[in-house]
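This report describes a protein chain from its computed geometry. Please consult the sequence and the coordinates alongside the text.

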Amino acid sequence: MATTDVTPQTGSVRVSDGAAPTLSRSDSRVIWLLLGAAFVAILNETTMGVAIPHLIDDLDITAVAAQWLTTAFMLTMAVVIPISGFLLQRFTTRAMFIAAMSLFSLGTLIAFVSPGFPLLVVARVVQASGTAIMMPLLMTTIMNTVPPQIRGRMMGRVSVVISLAPAIGPSMSGLLLDTVGWRWIFGIILPLALLALAVGARWIHNLGETSDAPIDVLSVILSALGFGGLVFGLSKIGGGGHGGSGADAASAAAMSTTTLIASFAIGGVALALFIWRQVRLQRRDRALLDLRVFRSLNFSLAITQMAVMSLAFFGAITVIPLYMQTVLDVSALVTGLVVLPGALAMGFAGPVIGRIYDRFGTRVLLVPGAVVVSALLWTFTTFDQNTPVWVVAVAQTILSVGLALSFTPLFTASLASLQPRFYSYGSAIVGTVQQVAGAAGIALMVTVFASVGAAAAGTGLDEFAAGAEGAHAAFRIAAILSLPLIVGAFLIRKPADQPSPAGTPVH
């Protein structure tokens, strides 16, 4: 006869003796609310890129200034995500949700009514402060409440959110920009955010236990300088020249190089000091970001795999639209339609892939996923100015399926390798790695695309052929980076369904 156990810390229902494990109705409702809130936050994050040209005209600002709307957002995410692990330990689930959605809603409101550029940048910083908390909060909640045997399918739903929001965001933004103007990008998001805040404040209950450990201010400062410096430097790669000629151009280039070197130097030194500080503090369980999670070999391998994949993935998906618009000479609308099927396929495949993970583990997904991703990136290296648009669409869709086969098992296996008390820190590290590796991939691929294309144009090639040369070089780097993923796919395993007893070492 089946027996039912209720986990004291979370209230999640576990059914033993062969019966299918289940999730309590209240915990399920919390997760769905968090999924909805995360969808709104990511939807907002993906709308700004399309709006930049309109903001340049409407606010009478330069392209360099306009980029701060995305750079400020990225910097804030890079600063807040690493400390989210501590915050999730220190404060209750309900308090963190309300804080995150309140910040996001406030930032959205400020952006909607903003009279000019400076306040709009402030709004983006406030928005990012809330957004940075949502994904670690969602991932930690899933790990604390969902029975181990069905975590994969729940993480598959996270993949739907991560994939569908970026697919819808640019299209929604383009439609609003062509009809009612950029303010209504925030005007549409605001009621959705307020609704999520109101419903969540009513229904979300506290999960797990909290800690009374004091926050280490020095760690916060070092984290901000370390991760913020690296992301800022990466965002500036390839953007040194601001136009002009002669002495002005030389001065701008020299200033950009100096800023770049200073950013990486400050970021590197601060990050090293941050790591040293955490190693000392974690001996007393006072770390801002507990690095003992890396004692788990499986977690370390999964995070490394995720970092390399994010580097190649974010770089490639940034170059694809550039290639289509500058080499194939298609409109932004056509570009969006080409990318859309892949994002939809990635999202809808998530729950199915999650179920496969729950039943069969990682290798059956990661190995074919890595092979598909690598094969498609090598295929992209053959594209030129004569490649039909439909071929790009098919290739991008298959690439997205390969990525879906990889990300869901990586998310689940990495966090499941940890003791429950380390889930929040693991979630913060997952988010930080994606943020930094993604920024590095974008900086690397875009710089290679632009520099190789410019060099090819200097040899007498027309702009389309020169752009194709730049795309070849960028995709080649992504393809080379993908090769170690095939090896890594064989090394990562699905941890045992039952977590280690409290107090045992991380396995």
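Which residues form a nonpolar patch on the surface, and how much accessible area do they have together? The patch consists of Ile215, Val217, Ile221, Leu225 and Ile266, with about 440 Å² of accessible area together. Patches of this kind are made of residues with over 30% relative accessible area and no salt bridge, nonpolar side chains (Val, Leu, Ile, Met, Phe, Trp, Tyr) being joined within 5 Å and like charges within 9 Å. Accessible areas come from the Shrake-Rupley method with a 1.4 Å probe, and for residues only the protein chains shown count as cover.

**Basis of the model**

The model is predicted: local features need pLDDT of at least 70, side-chain atom pairs count only at pLDDT 80 or more, and totals for chains, interfaces and linings use all residues. Residues are numbered from 1 along each chain as its sequence is written, and side-chain values use heavy atoms, with hydrogens and water left out.

The pLDDT, which is the predictor's confidence in each residue from 0 to 100, averages 81 over the protein chain, and 88% of the residues score at least 70. Among the elements of the protein chain, helix H13 (residues 363-380) has the highest mean pLDDT, 92, and strand S1 (residues 4-6) the lowest, 39. The pLDDT is below 50 over residues 1-18, a stretch that has 48 contacts in the model beyond near neighbours in sequence. Over residues 498-507 the pLDDT is also below 50, and that stretch has 22 contacts beyond near neighbours in sequence. A contact means heavy atoms within 4.5 Å.

**Overall architecture**

The protein chain has 16 helices and two strands. These elements are DSSP runs numbered from the N terminus, helices being H or I with at least four residues and strands E with at least two. Of the 507 residues, 53% count as buried; buried means under 20% relative accessible area, exposed over 50%, and partly exposed in between (1.4 Å probe, protein chains only). The chain exposes about 20,900 Å², of which carbon and sulfur atoms supply 68%. Among contacts in the protein chain with a separation of 6 or more, 81% are between residues 24 or more positions apart.

Helix H6 (residues 117-145) has 29 residues and reaches 42 Å from its first C-alpha to its last, close to the 42 Å expected at 1.5 Å a residue. The expected span is 1.5 Å times one less than the number of residues. H6 is mostly covered, with 23 of its 29 residues buried.

**The patch and its helices**

Helix H9 (residues 217-236) gives the most to the nonpolar patch, with three residues. Val217 lies in helix H9 and counts as exposed at 53% relative accessibility. Ile266 belongs to helix H10 (residues 246-281) and is partly exposed at 47%. The C-alpha atoms of Ile266 and Leu230 are separated by 8.2 Å, although these residues are 36 residues apart along the chain.

**A buried tyrosine**

Tyr323 is found in helix H11 (residues 297-326) and is buried, with 0% relative accessibility. Leaving aside neighbours within four places in sequence, Tyr323 is in contact with Leu328, Phe383, Asp384, Thr387, Val392, Phe449 and Ala471. The C-alpha atoms of Tyr323 and Gly467 are separated by 7.0 Å, with their positions 144 residues apart along the chain.

**Salt bridges**

Side chains of opposite charge can pair when their charged atoms come close. A salt bridge is a side-chain nitrogen of Lys or Arg within 4 Å of a carboxyl oxygen of Asp or Glu. A search of the whole structure finds five salt bridges, including those tabulated here.

| Pair | N to O distance |
|---|---|
| Arg153 and Asp358 | 3.3 Å |
| Asp285 and Arg292 | 2.5 Å |
| Arg292 and Asp290 | 2.7 Å |

The Arg153 and Asp358 side chains meet in a salt bridge. This pair links distant parts of the chain, with Arg153 in helix H7 (residues 151-179) and Asp358 in helix H12 (residues 332-360), 205 residues apart. Arg153 is partly exposed, at 26% relative accessible area, whereas Asp358 is buried at 9%.

Asp285, Asp290, Arg292 and Arg421 are linked in a network of salt bridges. Within this network, Asp285 is partly exposed at 44% relative accessible area, while Arg292 is buried at 11% and Asp290 is buried at 2%.
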